[in-house]
Structure formats: C-alpha cells, structure tokens
Amino acid sequence: MRTSFFPWLAMGWIGFAILPWYVIEDGFWAFEWVVDGYPFDSDYASALVQITLGKEWLLPLIFPLLAPLFILKRIKSDPVYAQTLIISGGFGLIYLLGQGFIVGIGGWEYNVLENTFGAMETRQFGMGYGALLTASAYLILLTTGLAATGYLRGDVFVTSAIGIVIALVATFVFLPVGKILFSAFIDENGLYALSAFSDNFFSKKIWGLGCLSSSVSCGVGLNSLILAILTGTATTLLGLAFALVATRTDFRWKKSLRVLTILPIITPPFVIGLALILLLGRSGSITQFVSELLNIEPGRWIYGLPGVWLAQTLSFTPIAFLVLIGVVEGVSPSMEEASQTLGASRWHTFKNVSLPLMRPGLANAFLIGFIESMADFGNPMVLGGNYDVLSTEIFFAIVGAQNDQSRAAVLAILLLTFTLSAFFAQRVWLGKKSYTTVVGKAESGAHAGMNPLLRWVCLGVTIPWAAFTIVIYATVLFGGFVVNWGRDNSFTLMHYAEGFSVGWGENGLSWDGTAWDSFWTTITISAIAAPLTAGLGLLTSYLLVRQNFKGKSLFEFGTMLSFAIPGTVIGVSYILAFNVPPFELTGTAAILVLCFMFRNMPVGVRGGIAAMSQLDKSLDEASLTLGANSLTTLRRVILPLLRPAIVAALVYSFVRAITSVSAVIFLVSADHNMATSYIIGLVENGEYGIAIAYSSVLIVVMLLAIILVQKVIGERKLRRKNRVESITEKSTPLTSSSPREKQA
C-alpha cells in the first residue's frame, strides 16, 4: 500500500497543529481563547501556535511532518520511500526529546547553554497530549521505514510493536533508574560531585555497627540485609516443609493448605502487622492474657526486628510454598526408587537425591523472600519501632522535613545493589548443572515417602504455623466488628459505617463514608492498569516467542528489569524522573497507572511466554499462508487460544495494583489517594478499627474478582483435574511403599 503511513502522519499533524502541546492540569479540553479572564493563555496552545509566541525551538519539528508528504505516491519498494521515513521519524524523535530535556520550566536546563546563548525569556512545561501524539507519529514513521527496508520480513506490525515496547520500557524503566544513578551524585548546590555519593553511601547511618556492642541500632543497610536474609531463609524452609507435607504425606487436611496460599496475594502488605499488634502488642489479647497469667509487665518485643521478621515470614511463606510445590512434585520418582533399590534409606534418598534436585526451587524461593523483604514497606512501617530499614528510610528522606533526594537515591541504589547481588549469588549457587527431571518419557513410579522423623518435624512445624495464620486472618476480620480490640470487644458496625456509609440526599445517592474516595480511585486506577498491563505483557511475549531479531536477549532483559527492582526504588525513581519536564506526571493518575503497568508487566510476559510456547507455530504459518497479516493472526488465531493466560494476567495485575504500597506511597496525591496509602494513614493515627474494616473490604473485593475468573476458566480446569484424579486412583499412594522400598 503506497500510503500505509498516512493515518499516522495525519495523527502527527493533529498533535502538532491542533492539540495543546504542554501538560494541562484542568483536563483535555481546557485550552480556550480566553482563560481566567485573560485573552488566550499561550500555555494551552498547540505547537504551531507556540512557535509564533516565542518558542522558535519547536519550529524544526514541522519538517519531519512535511517530508513524508513528498513520497505519498511512491511505492514501498522505492529506496527513497524507506529513507525518507527513517530520516523523518528518527530526526523527529531525537529532536523532540532533545529539546524537551534541554529547555525546562526555568529556561535552559544546563548552565553551559545559558552561558553560551544567554538567559531565556520563555519557559517550557512538560509534554502534553499534542507532544505525545506527535512523538507517536514519529515513532511509527521510523518503524514503517525500517519495515520498508525488509527488516523483519517487512512486517510493519511486528516492527512497530517492537519499537513501541522499546520506547515505553526506555521511558518508564531505564529513564527512572538512570535518574536515580545520576541524582545520587548531586550535592546540596545541585552540582554533580562524587563526594555527595560517598558521604551518603559510607555514612554510619547505613553501615553502623553500634548494635554489636551497645543498645544503639545498626545502620539501615545492615538492618535491611540481616532482615532480608532471615526472612528469605525462614520462608524457604517453611515453604519447603509445607510443600513436603502437601506432596509426600497422607496428611488429611493437606489440600486445605493450598487455600492459605491465596490469602497473602489478596492481602494488603501491612494487614499482617496490624493483626500482630492486636494480638501480641503491648495491649494485645495474647500479651494481656500472658501478663495476667504470669503476673509480668507486658513487653514491646513485637516492635523491632522480631515483629517485622515474624510479619514478613507470615506474609511471604505462602509465596515460597507456591514456588516449591511444583519443584517438589517434579522430582523424578524413578530416581528416588533407584536410590532405595541400591539400599539407601529414605533419609539418605531425600538428602542425596531429592533435595539436590530441588535446588532451583530453593534458590528462587529464597530470592523472592529476600527481594520481598527488601521492598516491604508496610510491615516495617507498622512494626519497625527503632529498627530502621532502607524502604522506610527512603520514604522519610523524600517526604520528611529533610527532603533529601540525593540521600534517597543513594539508599535506593544500595537497595538495588542488594537485590542484584542476590540474583548473582543465586546464579553462582545453581551453576551450570542440569536439574532436569521431567522428560517426555512417562513415569509410573510413586514418590518416596518421607523419613518418619522428617515427617513429624514437618508436621510439627506446619500445623501450628497454619493454625497461627488462620488466627491472624480471623483477627483481621474480627477486628473490624468490635469497638476497640482488646479493650472493648462489643459488637459494632461503626467502623464500616464510618468508612463506607451511603446516604440519600437532594442529588440522589451520596457516598458519605470517609473511605469511598480512595476506594473508587483505587478500583478505577486498578481497572485501567490491569488490561493495559496484560496487553503490553502479552504483546511482548508474542514478540519474544514468535519473532527472531537482533538484540532479542537485551530486549527481554529490559522488559524483565522492573521485576528485579524493588517497589521502593521504582517509587523514588518515578518521582525523580517525572517531576520535571519533559515528563511532568507527579500528582496525576497517569503516573500511578504507568507505575502499575511496568511494575507488573513481567508477570504477564512470563505467563504469555509459557502459554504461547505450547502453541505450534504452524498455526501462525497457516494463517499467514492464507493471506492474513501478523496483526490479524495475533487477534484471531493466537489470542483466543491464550484466554486463560489473558485472564490470569488481568487478575494478577488488578490485585497487585490494589495491594501495592511500596511504590504507591511515594506517588499518591490529594486528588488521587490509593487505598493502601489511606490505610497507612489510619494506622499512623491509631485508627485500627477502620483500617482493618477497610482491609477486609479490599480482601472481599479481590476474592470476588478471583472467583469470577475461576468461573470463566473453571470448566477447563475441572476437566484436567478429573483426568489427574482418575490416573492417581490407579497408581500407588504417595505414602505407601513399593516392594522394592520395603526390601531396601
């Protein structure tokens, strides 16, 4: 088609000549010829008008929109066609971004330019709708030109999709992280200095060892590292114990253990801390009972390292269980049977055969627990006491009286260093050994039962821990229905009424509760972010699985980087990157949506890769052979077969957007307050009843969303489950011993 780029060129002209070029706080259609009684506020004008009002540096942006008009009648195979589009799109993107970073709200952004050209009399705000549309047009022109050269078989859709993903990841992942790296070297005068980084990084507040010789706390860096190691170890061991009970014993209630795995996923991170305060705090029920029974003074041990460690272990153990149960089930029964046939006992078989094959699961479980502990903000905020950690220190460095962004950036770099070091240590520990146990050949053997002592140890740990977890969540629900937990346990609905009361006034239904504003904001933003996150993740997985192009490994690393970065670092980096031109997003709903998108996108990518890898490429080839293009093939052939993966990505994105706190706490504003931030405020004010009631409502809402998803995909899962059960019934029970095992 000769004019395949024309719609995008038209979009560029609309953005350049009609829509407002800069950010508008009052809404999309707020630009008028008369604003606040003054004739024509230039800040609301398009780029074409801005040029006539003193912003001549925008003039070169018109040339990339003019050049393609001269090749409308040229065919796609004409070299001039591709060259014109590549030069126009490339120049337009580079110049648009360059002028955005060079000219800011105070004029020149760099002193060398101001000294060379003199002070500017005009200013420039962040890019608005017009700039966004024009930049998109430049990008599509560039990728269309690349396709015209034969790149990726000349497929415009695939080339454009890769360009869009790269542009988004570069803007909302690499740019913020880069901002952190640079801002850590800025001193009090706003100048780059190595001493600014070294003074903060080697401070006693980070590396202090006072806790080893006195009652003084250690530095926040050591505190966070110690806590993360303890949490990662505890969650891994508990997760392994739960996985062994669920797969290697005949424990009657082992299926019920799986129910506990869903609770932390739909629970705000600080809810566990609240429940622990109500039970084990100075005025907690258990504390008061023990105090009266033993006639001792109630202690405050729950505030500090023990309490935070306990809360994090409760929160993240089920996630470790989810990681490990598949690994434990995947160990080959034939290997265990061969070991016992050679005379090894069950303990030696577990220690020398089964456990080494579980190393990848153990490493990943520890890594997740380590990262989650590092990024956790809610539990240290609620239970930390004098035990300071990096996540809370970063928060207070940004929003506290000191407002020290350089210190916050250094702390964020340190946190990121710990996280990436854990990734590296995991790879070194696993090495290049093969841990493959599941092959195409079917196996009819049964897993070896556990050694009796190991079995009782696992049951002795998991049963009390599961009971304690149930008590914790029962406390969460119960705490919302009593006047004051531990002091006045009489039944009441006042907490729910205060937060979620509904009235009827002159204008109809009114949401009178104090929590409604943050509740609807949270639901709205999460509902917007979820489909965008799932769509971007699945599009990326399509490119990774179905396309081959240079730099594919680097492309995949870029899309997965945000998963390795803790939420606290993401929050700080977004403030540093998007608080000034060319991207002014701080305080808007857009920054929350974008944060959720790129924080949760890797889950959609991995889920899409796993699901798409099961689809034979002959399906794509048949569609393309019949004349369909890549977009049609993706929409009508591949996506219908990925429905379970799509639904899973949607639900995960929606739930994580509601429960996120580590990044959100930095990005909320008075106009866009999220539920988790609102609940943190209630906790700080001691309003535990309303906080627990709000948390309970969120849990119910997310649980209903998950149930709805299960209804959509329930029939397919049910058929698979029935087939597994019919096979299992004919096989040897897991706890029984085969004749060879008895001989051994």
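Leaving aside neighbours within four places in sequence, which residues is Y574 in contact with?

**View 1. Surroundings of Y574 in the predicted model.** Y574 is in contact (heavy atoms within 4.5 Å) with F172, P176, N579, I591, L594, C595, F598 and L667, its neighbours within four places in sequence left aside. In this predicted model, local features need pLDDT of at least 70 and side-chain atom pairs count only at pLDDT 80 or more, while totals for chains, interfaces and linings use all residues. Residues are numbered from 1 along each chain as its sequence is written, and side-chain values use heavy atoms, with hydrogens and water left out.

**View 2. The largest nonpolar core.** A nonpolar core is a set of buried Ala, Val, Leu, Ile, Met, Phe, Trp, Tyr and Cys residues joined through side-chain atoms within 4.5 Å; buried means under 20% relative accessible area with a 1.4 Å probe, protein chains only. The largest core has 198 residues, and those with the most contacts inside it are W21, L276, Y574, F578, F598, F666 and Y694. Helix 26 (residues 589-612) gives the largest share of this core, 12 residues.

**View 3. Helix 10, residues 220-248.** Helices are DSSP runs of H or I with at least four residues, numbered from the N terminus. The expected span, 1.5 Å times one less than the number of residues, is 42 Å for the 29 residues of helix 10, and its end C-alpha atoms are 41 Å apart, which agrees. Because 23 of these 29 residues are buried, helix 10 is largely enclosed by the rest of the structure.

Methods. Helices (H or I, at least four residues) and strands (E, at least two) are DSSP runs, numbered from the N terminus. Buried means under 20% relative accessible area, exposed over 50%, partly exposed in between (1.4 Å probe, protein chains only).
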